[in-house]
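Got your viewer open and your mouse ready? Let's take a walk through this protein, one selection at a time.

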Amino acid sequence: MVSSAGTRAPTSISRWRTAAFEDLHRALGPLLGEKTTKHAAALGLQTVGDLLQHLPRRWMLGTETSDLSLLEPGEEAAVLAEVTSSDIRGGGQKMRLEVRVSDGRGRLRLTFFGRSHLINHWASLLHKGARGIFAGKVGMFRDELQLSHPDFVIIDEGGSVVGGARRNEGMGRATKGGLIGLYPASRSLPTWKIAECVNLVLEQIQLSEPWPQWVCDEAGVIGLPEAVRRVHQPTERSEIEAGVERLRFDEAFATQLAMAYRRADAAAHGAVPRPRRSGGLLDAFDAQLPFRLTAGQQEVSDEIFADLAAEHPMQRLLQGEVGSGKTLVALRAMLAVVDAGGQAVLLAPTEVLATQHAQTLARDLGDLALGGTLAAPEQATRVVCLTGSMTAAQKREALLHAASGEAGIIVGTHALLSETVQFAELGLVVVDEQHRFGVEQRAALDAKAEKRPHVLVMTATPIPRSVAMTVFGDLTVSTLTEIPAGRSEVLTVVVDQNLNPAWVERAWQRIIEEVDHGRQAFVVCPRISAEGAEGGRGVEETFAELSTGPLADLRVEMLHGQQPTEDKETVMAAFAAGEVDVLVATTVVEVGVDVPNASVMVICDADHFGISQLHQLRGRIGRGAHPGVCLLLTGVDPDSDARARLDAVAATRDGFALADVDLEQRREGDVLGSSQSGGRSGLRLLRVLRDAEQIAIAREVAAEAVRRDPDQSEPGFADAVRHTELIASGEWLTRN
């Protein structure tokens, strides 16, 4: 359920078995009123649980002040400071109140505009020595930090609100404890209003404990009601840490509990064993390989073969560096399943990638992919592709091959999950990155097989152990770190187009030089069209500019996701065949595209991409014998976080090192759901790097919970798993 505003919609409380979950998932509307609820929703707060997990950035005594030196122009800030001067300037309609506040070291200017009676009222509150919380957007005026017409409340040393801006008067207390919490806030819902909302909600509900006492004892955490009081109404600093620790544990435990029950469920279900068979398709494929497998590829393949031979379904994650040969390992697993009488499905996130995978697999198999034809070897099978935009005739043919069993390998998008798709003997599902499976997707696959199929999830984004434990905790992890022989070095350079615009022209010249030497190039843009966009070059505009300008003498083509399937396939085939010199594209080329002759990539507005995307894009070049160069064009401030991302990518090709940097800079993504990008997160309080130890504890407690309660008869466990699976299925996620 997603509201029209695009935020998470609360699930009906009648669905929950425990009083604790009923309270935590109760909608805020009846408790706070329509206007306040609307402002809270803009901050992602729609349920009681959302509000109670919205913790202060910091807690301060009424006698303390904020550190004004930490303020940055452009940020929304709430500060606790003391008035050092207050002066009314001008007159009539130009009357204003200028106030200086201080933390004892630095100063901040506050400016208020209004009619004379308002100015005089505010001046009476903001007298020298008054202490208050001031909230607004930080700006600069005459080289001085300034809040222009900020919201504010004046408080006493106990946290009581003794006055404020007219619309905020009568608020009561900024806190009910001895400390004042400064919350992440908005202009329409300032920090003291959030504190008042928390106090109001806690007066109307009686929180109960969702877990059995043994869980809290094993984890070493305090009870939930006490934890909520300590973080939102603390009387002293020593109380806060234990309260925050409990709330973080709950988030980790709910996730790990769902993972543990998933693992137990997979182990309880039978699967058709698919042991490796000698003398079959896999051996024929290995015999024609023009190279030797790396030690890592051989080791991981052996792990997968052992899983496939078991009587319970494989649940394995295959991660590896860009270019480490994951697709080859996955193909060998699929061939082993075909040898054992089953079929394998490869799910890709986009039609372009699905088509590319099908072509790559067919190319790698050669004659072994000609099953059903007179020229096919005895062991051969057939590779078919099924996507949503194929013609009716193409779909019918692909569906027939899949249902008859003639096709041993079926590649496609989520169109493969539809009811019309049937398989003769589904044995293995290989899931390409950007996909995760929730309850509904697993049920759709289970319905297509007599027993649960084996599952292999691939990701080319190296994942730190703490992330793998959280995001992929239901899977056994295999890692490829070696790069096969024959891959070349790739030099990455950040090009500051503001510092020297001529460098951009040099980038286009470098493409011409590479093409003159028989190479090919990618030019990548963040979006299809720049029209109506917030920033960043569009493929359409860039293609027009380059093909009629600096690259007019080259064969330039365009590729993006909204083109007709036939056009996309034609362009990709021509580029792979060397009939196109330069491909101007969106991130549809991010993964799976293998053109060994491509040696240069220019990424326009590179600051619009994340570290992982840049690393993936860069992996499209240097895949053959020719050294590559990747140019990151940007116009961002050299001291910005965005520039730091680009510098990190330019400094190393170690994907695991970049994964750590990436994780430190962004949210962890939706934990069990489909989005791994980090924009919205199923995690509110946990940070998987910082809280790895607590996640490990939660994992151990969750395993014990499954051992004690395998059927989820404990209401709190059942509710936690259900909530987590709702997130996984996307029911509570923003859809973009």
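A helix on this tour is a run that DSSP labels H or I over at least four residues, and helices and strands are numbered from the N terminus. Bear in mind that what you see is a predicted model.

**Stop 1: a valine in a helix**

Select residues 237–268, which make up helix 9, and pick out Val-244 inside it. Is Val-244 buried or exposed? With a relative accessible area of 11%, Val-244 is buried, because buried means anything under 20%. Now add Leu-55, Trp-59 and Val-231 to your selection: Val-244 touches these three, if you skip its neighbours within four places in sequence. Val-231 sits 13 residues away from Val-244 along the chain, with 6.3 Å between the two C-alpha atoms.

**Stop 2: a little strand pair**

Next, select strand 1 (residues 58–61) together with strand 9. The two run antiparallel and are joined by 4 bridges. In one of those pairings, Met-60 of strand 1 has Ile-180 of strand 9 as its bridge partner. Here is a handy rule for looking at side chains: in a regular strand they alternate between the two faces of the sheet. Try it on strand 9 (residues 179–182): Leu-179 and Gly-181 point one way, Ile-180 and Leu-182 point the other way, and all are buried.

**Stop 3: two loop residues with positive phi**

Jump to His-149, in the loop between strand 6 (144–148) and strand 7 (151–155). Its phi is positive, about 50°, although this residue is not a glycine. His-149 counts as partly exposed, at 28% relative accessibility.

Gln-712 is another one to click on: this non-glycine has a positive phi of about 55°. You'll find Gln-712 in the loop between helix 23 (692–708) and helix 24 (715–729). Gln-712 is partly exposed too, with a relative accessible area of 22%.

**Stop 4: two helices crossing**

Two packed helices are described by the angle between their axes and the distance between the axes. To see a case, show helix 10 (residues 281–288) and helix 12 (residues 326–339): their axes come within 8 Å and cross at roughly 145°. On the helix 10 side, the contact is made by Leu-281, Leu-282, Phe-285 and Asp-286. Helix 12 brings several residues, among them Leu-328, Leu-331, Arg-332 and Leu-335. Colour the contact by residue type and you get 8 nonpolar, no polar and 3 charged.

**Stop 5: a sheet of 7 strands**

Strands of a sheet pair through backbone hydrogen bonds, either parallel or antiparallel. Here you can view an open sheet of 7 strands with parallel pairing, in the order 12-13-11-14-15-10-16. Which strands stand at the edges? They are strand 12 (382–386) and strand 16 (476–480); each has a single partner strand, so one side of each has no neighbour in the sheet. From one strand to the next, the twist averages 20°.

Zoom in on strand 11 (residues 343–347) and strand 14 (residues 426–431), which run parallel and share 5 bridges. Ala-344 stands opposite Leu-428 in strand 14. Then switch on helix 14 (residues 392–404), which lies across strand 11, strand 12 and strand 13 (407–412) at about 135° to strand 12.

**Stop 6: a sheet of 6 strands**

Move along to an open sheet of 6 strands, again with parallel pairing, ordered 17-22-21-18-20-19. Strand 17 (490–496) and strand 19 (556–559) are at its edges, each with a single partner strand, so one side of each is left without a neighbour in the sheet. Neighbouring strands are turned by 20° against each other on average, direction ignored.

Inside this sheet, strand 18 (residues 520–524) and strand 20 (residues 582–585) pair over 4 bridges, and Val-524 has Ala-585 as its bridge partner. Add helix 21 (residues 641–651), which packs on the sheet and touches strand 17 and strand 22; it points at about 155° to strand 17. Helix 20 (residues 611–618) lies across strand 17, strand 18, strand 21 and strand 22, at about 150° to strand 21.

**Stop 7: a hidden cavity**

How many cavities of 30 Å³ or more are there? The count comes to 5, and the second largest has a volume of about 70 Å³. Its lining includes Glu-351, Thr-355, Lys-568 and Met-572. Helix 13 (351–365) and helix 19 (565–576) each supply at least two lining residues, with the largest share, 5 residues, coming from helix 13. By type, the lining splits into 2 nonpolar, 4 polar and 3 charged residues.

Notes:
Residues are numbered from 1 along each chain as its sequence is written. This is a predicted model: local features need pLDDT of at least 70, side-chain atom pairs count only at pLDDT 80 or more; totals for chains, interfaces and linings use all residues. Side-chain values use heavy atoms; hydrogens and water are left out. Two strands pair if DSSP finds at least two bridges between them. Axes are lines fitted to C-alpha atoms, for helices over the stretch in contact, and angles run from 0 to 180 degrees between N-to-C directions. Contact means heavy atoms within 4.5 Å. On a 1 Å grid over the protein atoms alone, a cavity is a set of points where a 1.4 Å probe fits but cannot get out, and a pocket is an open set with protein on both sides within 12 Å along at least five of seven lines; lining residues have an atom within 4 Å of a point. Grid points are joined across faces, edges and corners, and a volume is the space filled by probe spheres set on the points. Ala, Val, Leu, Ile, Met, Phe, Trp, Tyr, Cys and Pro count as nonpolar, Asp, Glu, Lys and Arg as charged, and the others, Gly among them, as polar. Buried means under 20% relative accessible area, exposed over 50%, partly exposed in between (1.4 Å probe, protein chains only).
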